[in-house]
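Got the viewer open and a free hand on the mouse? Let's take a walk through this one together, one selection at a time.

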Amino acid sequence: MTKRYQLKDLDCANCAAKMENAINKISGVNKATVSFMTQKLVIDAEEGHFQEIMKEVVRVCKKVEPDCTIQM
């Protein structure tokens with residue numbers, strides 16, 4: 001299952017890269033892309049566990065960039 005989310009207050013490209021790397025390490029994530037230029041997150045993950053995966057994604061993003069929010 002692939003979903004796209006708008007990011008708000010993502011401040012730098014380096015943080016976007018760190019977020020992308022961390023999200024791709026989460027169990028159940030097939031592929032994730034974080035774009036600083038478009039302020040978007042595209043995530044492909046297992047459909048049956050998507051809610052749990054997204055909770056972990058939000059936690060990881062807050063750890064890297066505390067001001068960044070994912071518009072769900």
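What follows is a tour of a predicted model, going from the sheet to the helices and then to a few single residues.

**Stop 1: the sheet**

Start by colouring the strands. You should see an open sheet of four strands in the order β2-β3-β1-β4, with antiparallel pairing. Now look at the two ends of that row: β2 and β4 (69-71) are the edge strands, and each has a single partner, so one side of each has no neighbour in the sheet. Turn the view a little and you can follow the twist, since neighbouring strands are turned by 30° against each other on average, ignoring direction.

**Stop 2: strand β3 and its partners**

Next, select β3 (40-45). On one side, β3 is joined to β2 by six bridges, and the two run antiparallel. Want some pairs to click on? Val29 stands opposite Ala45 in β3, and Ser35 stands opposite Lys40. β1 is also antiparallel to β3, with five bridges between them. Pick Tyr5 here, and its bridge partner in β3 is Leu41.

Keep β3 selected and show its side chains. Which residues make up its covered face, and which the uncovered one? Leu41, Ile43 and Ala45 are on the covered face, while Lys40, Val42 and Asp44 are on the uncovered face.

**Stop 3: the helices on the sheet**

Bring the helices back. α1 (13-24) packs on the sheet and touches β2 and β3, with its direction making about 170° with that of β2. Then switch to α2 (residues 50-64). This helix lies across β1, β2, β3 and β4, running at about 140° to β3.

**Stop 4: a salt bridge on α2**

Stay on α2 and select Glu56 and Arg59. Their side chains meet in a salt bridge, at 2.5 Å from N to O. Both residues lie in this helix, three residues apart, or about one turn. How many salt bridges are counted in total? The count comes to one. Both ends are partly exposed: Glu56 has 28% relative accessibility and Arg59 has 46%.

**Stop 5: two loops with an unusual backbone**

Most residues other than glycine have a negative phi. Here are two that go the other way.

Select Asp9 in the loop between β1 (2-8) and α1. Asp9 isn't a glycine, yet its phi is positive, at about 70°. With 42% relative accessibility, Asp9 is partly exposed.

Now jump to Gln39, in the loop between β2 (29-35) and β3. The two strands form a hairpin with four residues between them, and Gln39 in the turn has a positive phi of about 55°. Is Gln39 buried or exposed? Gln39 is buried, with a relative accessible area of 17%.

**Stop 6: the cysteines**

Last stop: select the cysteines and look for disulfides. A search of the whole structure finds zero. Why is Cys68 without a bond to another cysteine? The closest cysteine sulfur belongs to Cys61, and at 6.0 Å from the sulfur of Cys68 it is too far for a bond; a disulfide would need the two sulfur atoms within 2.5 Å. Cys68 is buried, with a relative accessible area of 2%. Finish on Cys12, which is partly exposed at 27%.

Notes:
Residues numbered from 1 in each chain as written. Predicted model: local features only at pLDDT ≥ 70, side-chain atom pairs only at ≥ 80, totals over all residues. Heavy atoms only, no water. Buried < 20%, exposed > 50% of the residue type's maximum accessible area, 1.4 Å probe, protein only. Salt bridge = Lys/Arg side-chain N within 4 Å of Asp/Glu carboxyl O. Pairing = 2+ DSSP bridges. Axes fitted to C-alpha atoms, helices over the stretch in contact; angles between N-to-C directions. Contact = heavy atoms within 4.5 Å.
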